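User: Please examine the structure shown below. I should like to discuss its sheet, its charged pairs and its aromatic pairs.

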Amino acid sequence: MMSEVTTPQVRPTRPYFSSGPCAKPPVWSPEKLATESLGRSHRAKIGKTRLAWCIDLMREMLQLPDTHRIGIVPGSDTGAFEMAMWTMLGQRPVTTLAWESFGEGWVTDAAKQLKLDPTVIRADYGQLPDLTQVDWSNDVLFTWNGTTSGVRVPNGDWIAADREGLSFADATSAVFAYDLPWDKIDVATFSWQKVLGGEGGHGVLILGPRAVERLESHTPAWPLPKVFRLMSKGALAEGVFKGETINTPSMLAVEDAIFALEWAKSLGGLDGLKARSDANAAALDKIVSERDWLSHLAADPASRSKTSVCLSVAGADADFIKKFAGLLEKEGAAYDIAGYRDAPPGLRIWCGATVDTADIEALGPWLDWAYASLSA
C-alpha cells in the first residue's frame, strides 16, 4: 500500500473504458460522419447503397468467406441472437453453455421462453466449462467472449467439424479482436457498440450455409414477431442480407458504423484491430502483474479476454468498487470501470481496438490512487 495518497499528474487522454457502449475510434468526431443519407428513406438508392457498403466493409474487416451472409437487424446483439434462437431452434436437442450473465440469458430463453429443456453446462465467473462435454448432435449456444466475466473460448478446436447440430456464437465482444474460425460457426451475432465503438440499437446476424439450410427446412412451433422473420414465401429473405432491413434503421448509426469500419480499414483491417487490442490487453496485464492487490478474474491466460478484461480487487465488496469507480469518474481519469452488476465485485476495463494503449498505461497510477484513497 502507498504510504501517502499522491494524485497522479497525467490523466488518460480519453478515459473511456466502458465495455459497452465502448470508446469511439480515436479519430472520431460527429462532424466527420457522412450525412447525405440522413432524412432520406433507407429504401431510397442512397440508403440501400450505404447499408450495402456497411455490410461489404464488415465482410472485408471480418475476413468473412462468401459462404456466410451478413444482415443488419433490430435490437442490438440481443435482438440478433434471439432472432437466431426463435427462428432456428426446435429441430434438435439444445445445449447451452453459461459462464457469465449473457450466457445465462440464453439459458433462460431456451428453457423458459422456448421451453426446449436444454442441456446446461455451467462454470463459475472466471472459469470456462469443460468444452469436451458438448454433444455436437445438439444445437449449441455459447458466448465466444464473455463480456461480464472476461472469459473466452481459446479457439474453435472444440467445435466438431462434422457436427450435426448448429453452433450459435454470441460474438459481440469477440469480433474484430480475434481470428474467428468461420467454418466452425454457423450463426454469429454482434453489435457495433463493442469493438467498433459504434452506436447501440442495431444487431448484426451472420449465417453460414448450414444455418440457411435450417431456416429453409424447419418451421418453428411458435409464432414469430415480424422483426424476427427471415423467411418470405417459403424462401430465405435474401434482401435482409443485402441491406434491405426488416424495419427502419437509424442511418446515423449506420454512418457511424461505416466511419469506424473505414477507420479499421485504414489500420490494415482485422490485423490492425487485433494488434491494438493485443497491445491494450498486454499493457493492462503489466499493470495487474505489478500490483499484489489486483488480479485477473479469469485465472487462465488461454481463456482470458483481450477485450472485456475483468479484475478482482483484494478485499473489495460491491460498495468499495462503487466508490472506487466513482472516485475515478469524478477525477475524469476513468469512466464506467465497475464490474457488471451480476458479476463478483471487481473492475472491468475495455481493451478493444478503439482504446489507445497510452490511456491504458496512464490508468495504472490512477488505480493506485483510488485504492490508496479508499484504503486510507
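User: How many bridges join strand S2 to S4?

Analyst: This is a predicted model, in which local features need pLDDT of at least 70 and side-chain atom pairs count only at pLDDT 80 or more, while totals for chains, interfaces and linings use all residues. Residues are numbered from 1 along each chain as its sequence is written, and side-chain values use heavy atoms, with hydrogens and water left out. Strands (E, at least two residues) and helices (H or I, at least four) are DSSP runs numbered from the N terminus, and two strands pair if DSSP finds at least two bridges between them. Strand S2 (residues 94-98) runs parallel to S4, and the number of bridges joining them is 3.

User: Which residue of S4 is the bridge partner of Val94?

Analyst: Strands of a sheet pair through backbone hydrogen bonds, either parallel or antiparallel. S2 and S4 run parallel. Within S4, the partner of Val94 is Asp139.

User: Which residue of S7 is the bridge partner of Leu141?

Analyst: Strand S4 (residues 139-143) and strand S7 (residues 167-170) run parallel and are joined by 4 bridges. Phe142 has Ala169 as its bridge partner in S7. For Leu141, the partner in S7 is Phe168.

User: Is S4 enclosed or open to its surroundings, and which residues cover its faces?

Analyst: Buried means under 20% relative accessible area, exposed over 50%, and partly exposed in between (1.4 Å probe, protein chains only). Because 5 of the 5 residues of S4 are buried, the strand is largely enclosed by the rest of the structure. In a regular strand the side chains alternate between the two faces of the sheet. In S4 both faces are covered, with buried Asp139, Leu141 and Thr143 on one side and buried Val140 and Phe142 on the other.

User: Which strands stand at the edges of the sheet?

Analyst: The open sheet has 7 strands in the order S1-S9-S8-S7-S4-S2-S3, with mixed pairing. Two of its strands each have a single partner, so one side of each is left without a neighbour in the sheet. These edge strands are S1 (69-74) and S3 (119-122).

User: What angle does the direction of helix H1 make with that of S1?

Analyst: Axes are lines fitted to C-alpha atoms, for helices over the stretch in contact (heavy atoms within 4.5 Å), and angles run from 0 to 180 degrees between N-to-C directions. Helix H1 (residues 45-62) packs on the sheet and touches S1, strand S8 (187-191) and strand S9 (202-207). Its direction and that of S1 make an angle of about 125 degrees.

User: At what angle does helix H4 run to S9?

Analyst: Helix H4 comprises residues 209-217. This helix lies across S1, S4, S8 and S9. Its angle to S9 is about 95 degrees.

User: How many residues apart in sequence are the parts tied together by Arg11 and Glu331?

Analyst: A salt bridge here is a side-chain nitrogen of Lys or Arg within 4 Å of a carboxyl oxygen of Asp or Glu, and the count by this rule is 21. The side chains of Arg11 and Glu331 form one at 2.8 Å, N to O. Since Arg11 lies in the segment before H1 and Glu331 in the loop between helix H7 (318-330) and strand S14 (347-350), the pair ties together parts whose separation in sequence is 320 residues.

User: Is Lys274 buried or exposed?

Analyst: The side chain of Lys274 meets that of Asp179 in a salt bridge (2.8 Å, N to O). Lys274 belongs to helix H6 (residues 270-289) and Asp179 to the loop between S7 and S8, 95 residues apart. With a relative accessible area of 15%, Lys274 is buried.

User: What is the relative accessible area of Asp186?

Analyst: Asp186 and Arg210 meet through their side chains in a salt bridge (3.0 Å, N to O). Arg210 is partly exposed at 25%. Asp186 is buried, and its relative accessible area is 3%.

User: What is the angle between the ring planes of Trp136 and Trp158?

Analyst: Rings of Phe, Tyr and Trp (its six-membered ring) pair if their centres lie within 6.5 Å; planes under 30 degrees apart count as stacked, over 60 as edge-to-face and the rest as tilted. The whole structure holds 13 such aromatic pairs. Trp136 and Trp158 are both buried. They form a tilted pair with centres 5.7 Å apart and planes at 50 degrees.

User: Which residues make up the cluster that includes Trp136 and Trp158?

Analyst: The cluster is linked by ring pairs. Its members are Trp136, Phe142, Trp144 and Trp158.
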